[in-house]
Amino acid sequence: RGNVPPTYSAFPPKFGDKTVEINKWRIRQVHGDNYLSITHFSGRIVRLYRKDGQYFPRWHIPAPQDDIYSAYANADLGEPTCAFLTDKFLQIGNWRIGEYHQYGDSDPFHLSVSH
């Protein structure tokens with residue numbers, strides 16, 4: 001908070017086409033703009049969000065790398081397009097992940113995933 005400078009990592013996030021890759025994890029808009037997938041390199045889809053607000057936490061099963069819901073379905077990250085980070089949120093395609101302040105700035109205990 002405030003004027004704290006960013007930290008640096010030996011493995012910084014990589015941005016691609018509606019994708020961010022953090023080490024062996026990818027967060028990508030998939031299946032058009034209908035879903036946001038959080039997938040491990042091993043193929044496990046650990047969370048899948050649908051644009052109507054539904055989410056599917058039961059995807060802790062391995063999925064083929066080319067599964068349409070996998071963030072690794074397309075191994076190539078693509079050109080960095082429509083994926084960026086601000087001091088308030090991470091934008092991936094039509095999806096936004098960020099802090100949600102239900103009761104003003106003194107309430108930093110909520111993370112929101114929205115379409």
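This report describes the strands, one open sheet, the salt bridges and a buried arginine in a predicted model.

**Overall composition**

The protein chain contains 0 helices and 10 strands. Along the sequence the pattern therefore reads β-β-β-β-β-β-β-β-β-β, each β standing for a DSSP strand. Of the 115 residues in the protein chain, 33% are buried. Among contacts with a separation of 6 or more, 41% are between residues 24 or more positions apart.

**The open sheet**

An open sheet is formed by 4 strands in the order S7-S8-S9-S10, with antiparallel pairing. Strand S7 (83-85) and strand S10 (110-114) are at the edges, and each has a single partner strand, so one side of each lacks a neighbour in the sheet. From one strand to the next, the twist averages 10 degrees. Strands of a sheet are held in pairs by backbone hydrogen bonds, in either a parallel or an antiparallel manner. Strand S9 (residues 95-100) runs antiparallel to S10, and 5 bridges join the two. Within this pairing, Ile 97 stands opposite Val 113 in S10.

**Salt bridges**

The whole structure holds 5 salt bridges. The table lists three pairs, including the separation of the closest N and O atoms.

| Acidic residue | Basic residue | Closest N and O atoms |
|---|---|---|
| Glu 21 | Lys 14 | 3.9 Å |
| Asp 17 | Lys 18 | 3.5 Å |
| Asp 33 | Lys 51 | 3.5 Å |

Asp 33 belongs to the loop between S3 and strand S4 (35-40), whereas Lys 51 belongs to the loop between strand S5 (45-50) and strand S6 (55-56), so their salt bridge ties together parts that are 18 residues apart in sequence. Both partners are partly exposed: Asp 33 has a relative accessibility of 22%, and Lys 51 has a relative accessible area of 41%. Lys 14, Glu 21 and Arg 26 are joined into one network by salt bridges that share partners. Within that network, Glu 21 is buried, with a relative accessible area of 11%, while Lys 14 is partly exposed at 46%. In the pair formed by Asp 17 and Lys 18, Asp 17 is partly exposed, with a relative accessible area of 32%, and Lys 18 is also partly exposed, at 27% relative accessibility.

**Arg 28, a buried residue without a salt bridge**

Arg 28 lies in strand S3 (residues 25-30). Although buried, Arg 28 has no salt bridge, and the nearest side chain of opposite charge, that of Asp 17, is 6.2 Å away. That distance does not qualify, because a salt bridge requires a side-chain nitrogen of Lys or Arg within 4 Å of a carboxyl oxygen of Asp or Glu. The side chain of Arg 28 instead reaches backbone oxygens: that of Asp 76 at 3.1 Å and that of Leu 77 at 3.4 Å.

Leaving aside residues up to four places away in sequence, the residues touched by Arg 28 include Asp 17, Lys 18 and Thr 19. Arg 28 also touches Tyr 35, Leu 36 and Ser 37, as well as Ala 71, Asn 74 and Ile 92. Asp 76 and Leu 77, whose backbone oxygens the side chain reaches, are likewise among the residues that Arg 28 touches. Asp 17 and Lys 18, both touched by Arg 28, form a salt bridge with each other.

Methods: Residues numbered from 1 in each chain as written. Predicted model: local features only at pLDDT ≥ 70, side-chain atom pairs only at ≥ 80, totals over all residues. Heavy atoms only, no water. Buried < 20%, exposed > 50% of the residue type's maximum accessible area, 1.4 Å probe, protein only. Lys, Arg positive; Asp, Glu negative; His and termini not counted. Polar contact = N/O pair within 3.5 Å; in protein donor to acceptor, adjacent residues only side chain to side chain. Contact = heavy atoms within 4.5 Å. Pairing = 2+ DSSP bridges. Axes fitted to C-alpha atoms, helices over the stretch in contact; angles between N-to-C directions.
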